[in-house]
Amino acid sequence: MEIKKTRMYDIFRFKKENREINYNKVASLKSKLIENGRQIVPIICNRDMEIIDGQHRLEALKELGWEVMYYVDEAVTV
C-alpha cells in the first residue's frame, strides 16, 4: 500500500452513496487536525478516486489548506 499526498483536492470524487457532509463534524475534525499537527488516518479511494472512507477528513483538510494523505485501494470495485 502506497500512501500518496496531494493538495489537488479536485482529484477526489464523492460517491452518491457517501453521507452528506456534516459541517459540525468537519469543524471538529479541523480542531483535531490542528491539535495533532497532522493528518493521522489517510483517505481511502477506489481506482476512480471516489472516496470510500474520509469525505469529512477531506473537507477539513481542504478548509485548512493542508496536504491530503490518501491511498488507492485497487481491490474496491464499487
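Which residues in α1 meet which residues in α2? In this predicted model, the side of α1 that takes part comprises Y23, K25, V26, L29, K30, L33 and I34, and these meet H56, R57, E59, A60, L61, E63 and L64 in α2. By class, the residues of this contact divide into 8 nonpolar, 1 polar and 5 charged. Two packed helices are described by the angle between their axes and the distance between the axes. For helix α1, which covers residues 23-36, and helix α2, which covers residues 55-64, the angle is about 65° and the axes are 8 Å apart. The crossing in which α1 passes α2 is right-handed.

Helix α2 was then considered with respect to its surroundings. Because 7 of its 10 residues are buried, α2 is largely enclosed by the rest of the structure. The buried residues of this helix are Q55, H56, R57, L58, E59, A60 and L61, and the elements that cover them include α1, β2, β3 and β4. One of these residues, H56, has a relative accessibility of 4% and therefore counts as buried. When neighbours within four places in sequence are left aside, H56 is in contact with R19, E20, I21, N22, K25, V26 and L29; of the residues in α1 that meet α2, K25, V26 and L29 are thus among the contacts of H56. K62 is also found in helix α2, but this residue is partly exposed, with a relative accessible area of 35%. Between the C-alpha atoms of K62 and F14, which are 48 residues apart along the chain, the separation is 14 Å. The helix is followed by G65, for which phi is positive, near 75°.

The nonpolar interior was examined next. The largest nonpolar core holds 14 residues, of which F12, I43, C45, I51, L58 and V68 touch the most other members. At least two residues of this core are supplied by each of α1, β2 (43-45), α2 and β4. For I51, leaving aside neighbours within four places in sequence, the contacts are F12, R13, F14, K15, N18, I43, I44, C45 and L58; this list includes F12, I43, C45 and L58, which are named with I51 among the core residues that touch the most other members.

F12 also takes part in an aromatic pair, of which the structure holds 1. A pair of aromatic rings is described by the distance of the centres and the angle of the planes. The ring centres of F12 and Y70 are 5.1 Å apart and the ring planes stand at 90°, so the arrangement is edge-to-face. Since F12 lies in the loop between β1 (4-6) and α1, whereas Y70 belongs to strand β4 (residues 68-72), the pair ties together parts that are 58 residues apart in sequence. Both F12 and Y70 are buried.

A further local feature concerns the backbone at M49, a residue of the loop between β2 and β3 (51-53). Most residues other than glycine have a negative phi. At M49, by contrast, phi is positive, with a value near 65°, in a residue other than glycine. With a relative accessibility of 14%, M49 counts as buried, because the limit for this class is under 20% relative accessible area.

Key. Residues numbered from 1 in each chain as written. Predicted model: local features only at pLDDT ≥ 70, side-chain atom pairs only at ≥ 80, totals over all residues. Heavy atoms only, no water. Axes fitted to C-alpha atoms, helices over the stretch in contact; angles between N-to-C directions. Helix = DSSP H or I, 4+ residues; strand = E, 2+ residues; numbered from the N terminus. Left-handed = near helix turned anticlockwise from the far one by under 90°. Contact = heavy atoms within 4.5 Å. Nonpolar A, V, L, I, M, F, W, Y, C, P; charged D, E, K, R; others polar. Phe/Tyr/Trp six-rings, centres within 6.5 Å; stacked < 30°, edge-to-face > 60°. Buried < 20%, exposed > 50% of the residue type's maximum accessible area, 1.4 Å probe, protein only. Core = buried A, V, L, I, M, F, W, Y, C linked by side-chain atoms within 4.5 Å.
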